[in-house]
Amino acid sequence: MPNPAEAQTIDIPTVQGASPGLTGVLAVPAGPGPWPGVVLVHEAFGINDVMRRQAQRMADAGYLALMPDLFTNGGARKCLTETFRALTAGEGKAFADIESARQALIARVDCTGAVGVIGFCMGGGFALVAATKGFDAASANYGRLPKEIDAALAGACPIIGSYGGTDKSLRGAAARLDGALTRLGVPHDVKEYPEAGHAFLNEEETGPPIMRFALKRIIGAGPNPEAAADAWRRIDDFFAEHLTPAG
């Protein structure tokens, strides 16, 4: 079993349609289980040190954390277009990878059977759509909204969403998501942080260095520790409410 002090790369058994040879990052809490599980969906730049720390953070909060590598079969350069195509369609290999991770957590003897999903950037969009696919709670962080949002989120599990007010690529997304979930009667907590931009939950800038200035200028990408602290507090409380049995 992986050392709880460090997230490790593992092979993930797959469901039909998933990436051959699917791998992912697993982080296990310290102490005795069982624990609820959380599937993490990485940002568009793939699994890097920042994403691995997000997985470890969830483990430190008391969750079996598993982040499938949606770019297992070729890296971001080869897989990004196909992955975004799956996000737009609401189905495809990427969703099979996410379901494989969910099933892998449920199958563990140290999992309670309750599993949530959390995503960042591209992964936030996947977390929203996956909220109707067997998860018990979902956290979408600066994730793209489905085009037919009411139809896509009908019957969704409880959702918490966090967006940055200076993120021009997602202007108005928080309000639209809040409105849709209210209409649908889905338990939710959606908040926009006026001073934050895209990727504000990351502890440091990510992506190719040559792109960082443009990303900062266009979508305000980069850390915002104050907003991140509040967003993580909300996520922790929301997941505790919906993934941890009372008493």
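Start by selecting Pro34, which sits in the loop between strand 2 and strand 3; strands here are DSSP E runs of at least two residues, helices are H or I runs of at least four, and both are numbered from the N terminus. Look at the bond before Pro34: Gly33 and Pro34 are joined by a cis peptide, with omega at about 0 degrees.

Before moving on, some housekeeping. This is a predicted model, so local features need pLDDT of at least 70 and side-chain atom pairs count only at pLDDT 80 or more, while totals for chains, interfaces and linings use all residues. Residues are numbered from 1 along each chain as its sequence is written, and side-chain values use heavy atoms, with hydrogens and water left out.

**The sheet**

Switch to cartoon view. You should find 8 strands in an open sheet with mixed pairing, ordered 1-2-4-3-5-6-7-8; two strands pair if DSSP finds at least two bridges between them. Strand 1 (8-11) and strand 8 (188-193) are at the edges with a single partner strand each, so each has one side without a neighbour in the sheet. On average, neighbouring strands are turned by 20 degrees against each other, direction ignored.

**Strand 4**

Now select residues 64-68, which make up strand 4. How many of its residues are buried? The count is 5 of 5, where buried means under 20% relative accessible area, exposed means over 50% and partly exposed is in between (1.4 Å probe, protein chains only). In a regular strand, side chains alternate between the two faces of the sheet. Here Leu64, Leu66 and Pro68 are on one side, Ala65 and Met67 are on the other, and both faces are covered.

Next, add the partners. Strand 2 (residues 23-27) runs antiparallel to strand 4, joined by 4 bridges, and Leu26 stands opposite Leu66. Strand 3 (residues 35-41) pairs with strand 4 in the parallel sense over 3 bridges, with Gly37 opposite Leu64. Follow the chain from strand 3 through helix 1 (residues 49-60) to strand 4 and you trace a right-handed β-α-β crossover: with the strands pointing away from you, the path from the first strand over the helix to the second runs clockwise.

**Strand 6 and helix 4**

Select Ser139 in strand 6. Ser139 counts as buried because its relative accessibility is 0%. Leaving out residues up to four places away in sequence, Ser139 touches Val117, Ile118, Gly119, Ala127, Ile160, Ile235 and Phe239; contact means heavy atoms within 4.5 Å.

Then show helix 4, which lies across strand 3, strand 5, strand 6 and strand 7 (159-164) and runs at about 135 degrees to strand 5. Axes are lines fitted to C-alpha atoms, for helices over the stretch in contact, and angles run from 0 to 180 degrees between N-to-C directions.

**Two positive phi values**

Go to Cys121, in the loop between strand 5 (111-120) and helix 4 (122-130). Its phi is near 60 degrees, positive in a residue other than glycine. Cys121 is buried, at 17% relative accessible area.

Tyr142 is another non-glycine residue with positive phi, near 45 degrees. Find Tyr142 in the loop between strand 6 (137-141) and helix 5 (149-153); at 1% relative accessibility, Tyr142 is buried.

**Rings and charges**

Keep Tyr142 and add Tyr193 and Phe200: together they form one aromatic cluster.

Last stop: Arg102, whose charged end sits over the ring of Phe135, 5.8 Å from its centre. That label requires NZ of Lys or CZ of Arg within 6 Å of the ring centre and within 35 degrees of the ring normal. Lys133 lies over the face of Phe95 at 5.2 Å from the ring centre.

Terms used. Phe/Tyr/Trp six-rings, centres within 6.5 Å; stacked < 30°, edge-to-face > 60°.
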